[in-house]
Amino acid sequence: MSLTELFIIAVGLSMDAFAVSVCKGLAMPRMNWKGAFIVGLYFGGFQAAMPLFGYFLGSRFSMAIKAYDHWIAFILLALIGAGMIKESLEKDAECADASLGVREMVLLSVATSIDALAVGVTFAFLDVDIVPAVSFIGAVTFTLSMVGVKVGNVFGCRYKSKAELTGGIILILMGIKILLEHLGL
C-alpha cells in the first residue's frame, strides 16, 4: 500500500473523529488549545489502536481466506463507507458537549474508531506494514481532530455531515480500488 493510499484511508477514517471534534469545538465557549490537544490525543490514539487490534485479529485467519481476502476488504470498506454516508444524511444534528472527561472521551473515541477496527482486519489481508500504518493514521486523526475543534469553535456543526459523507465516499472508493487491483482490472 502506497503512502498516498494510506493517507487517503487515514483521512477517510478520521472523518468521524473530525465531525465530533467540530461539535466539541462548537460547545467550547472559547477556543482552548489544551482542550483541542486532549481531543486529538484521544481520537488519534484510538484511531491508531483499533486498526492495530483489528490487524492482529485478521492475521490469525488471513491465510485461511487468502483466495478471497480482496472481496472481504471491499465489503468491509463498502459497509463502513455506506454507514458513514447514511449517518451523514440523517437529519438529527447531534453535537457533543464541551466535556473532556475520561469516560465521555473514551466512549466517543471508541464510537468514532470502530470502523478502524475493520480496516485493521483488512490491513492483515493486504500485508500492510502495520506499525507505520497505524502511527500514520493516528497522527492524521490527531491533527484533523485538533483542526476540527478549531473549525467547530469558529463555524459550528454545519460541516459535520459533509465530513462524514466525504469519509464514507473515500472508504468506498478505496474498497473498489482494492477489489479491482486484485481482480487484475
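In which helix is the place of Ile38? Ile38 sits in helix α2, and that helix is a handy way into this structure, which is a predicted model. Helix α2 covers residues 33-61. At 24% relative accessibility, Ile38 comes out as partly exposed, since only values under 20% count as buried. Ile38 is also a long way along the chain from Glu181: 143 residues separate the two in sequence, and their C-alpha atoms are 39 Å apart in space.

A little further along α2 comes Gly40, and here the picture changes. With a relative accessibility of 0%, Gly40 is buried. Setting aside neighbours within four places in sequence, Gly40 is in contact with Gly45, Phe142, Ser145 and Met146. Val121 is another matter: 81 residues away along the chain from Gly40, its C-alpha atom is 24 Å from that of Gly40.

Gln47 belongs to α2 as well. Its relative accessible area is 0%, so Gln47 counts as buried. Its side chain reaches out to the backbone oxygen of Thr112, at 3.2 Å. Thr112 also turns up in the wider list of residues that Gln47 touches, once those up to four places away in sequence are left out. That list runs through Leu13, Ser14 and Ala17, then Thr112, Ser113, Asp115 and Ala116, and finally Ile137 and Thr141.

Next up is the way α2 packs against helix α1. Helix α1 spans residues 3-27, and its axis comes within 11 Å of the axis of α2. The two axes cross at roughly 160°. An angle over 145 degrees counts as roughly antiparallel, and α1 and α2 are therefore roughly antiparallel to each other. As for handedness, α1 passes α2 in a right-handed crossing. On the α1 side, the residues that meet α2 are Leu13, Ser14, Ala17, Val20, Ser21 and Lys24. Their partners in α2 are Val39, Phe43 and Gln47.

Ser21, one of those α1 residues, deserves a look of its own. Ser21 is buried, its relative accessible area being 0%. A polar atom of the Ser21 side chain lies 3.4 Å from the backbone oxygen of Ser145. Apart from neighbours within four places in sequence, Ser21 is in contact with Val39 and Phe43, and also with Ser145, Gly148 and Val149. Ser145 is also among the residues in contact with Gly40. Ala19 is found in α1 too, and at 0% relative accessibility it is buried. Ala19 and Glu164 are 145 residues apart in sequence, yet in space their C-alpha atoms are 6.9 Å apart.

Then there are the aromatic rings. A pair of aromatic rings is described by the distance of the centres and the angle of the planes. The model has three aromatic pairs. One of them is Phe37 with Phe142, an edge-to-face pair with 5.5 Å from centre to centre and 85° between the planes. Phe37 lies in α2 and Phe142 in helix α5, which runs over residues 130-155, so the pair ties together parts that are 105 residues apart in sequence. Both residues are partly exposed: Phe37 has a relative accessibility of 41%, and Phe142 has one of 22%. Another pair is made up of Tyr55 and Phe56, whose ring centres are 5.7 Å apart. Their planes stand at 75°, so this pair is edge-to-face. Tyr55 is buried, at a relative accessible area of 17%, whereas Phe56 is partly exposed, at 49%.

Last comes Phe74, found in helix α3, which takes in residues 69-89. At 22% relative accessibility, Phe74 is partly exposed. Its contacts, leaving out neighbours within four places in sequence, are Gly175, Ile176 and Leu179. In the sequence, Phe74 and Ile172 are 98 residues apart, while in space their C-alpha atoms are separated by 7.7 Å.

How values were computed. Residues numbered from 1 in each chain as written. Predicted model: local features only at pLDDT ≥ 70, side-chain atom pairs only at ≥ 80, totals over all residues. Heavy atoms only, no water. Helix = DSSP H or I, 4+ residues; strand = E, 2+ residues; numbered from the N terminus. Buried < 20%, exposed > 50% of the residue type's maximum accessible area, 1.4 Å probe, protein only. Polar contact = N/O pair within 3.5 Å; in protein donor to acceptor, adjacent residues only side chain to side chain. Contact = heavy atoms within 4.5 Å. Phe/Tyr/Trp six-rings, centres within 6.5 Å; stacked < 30°, edge-to-face > 60°. Axes fitted to C-alpha atoms, helices over the stretch in contact; angles between N-to-C directions. Parallel < 35°, antiparallel > 145°, perpendicular 65-115°, else oblique. Left-handed = near helix turned anticlockwise from the far one by under 90°.
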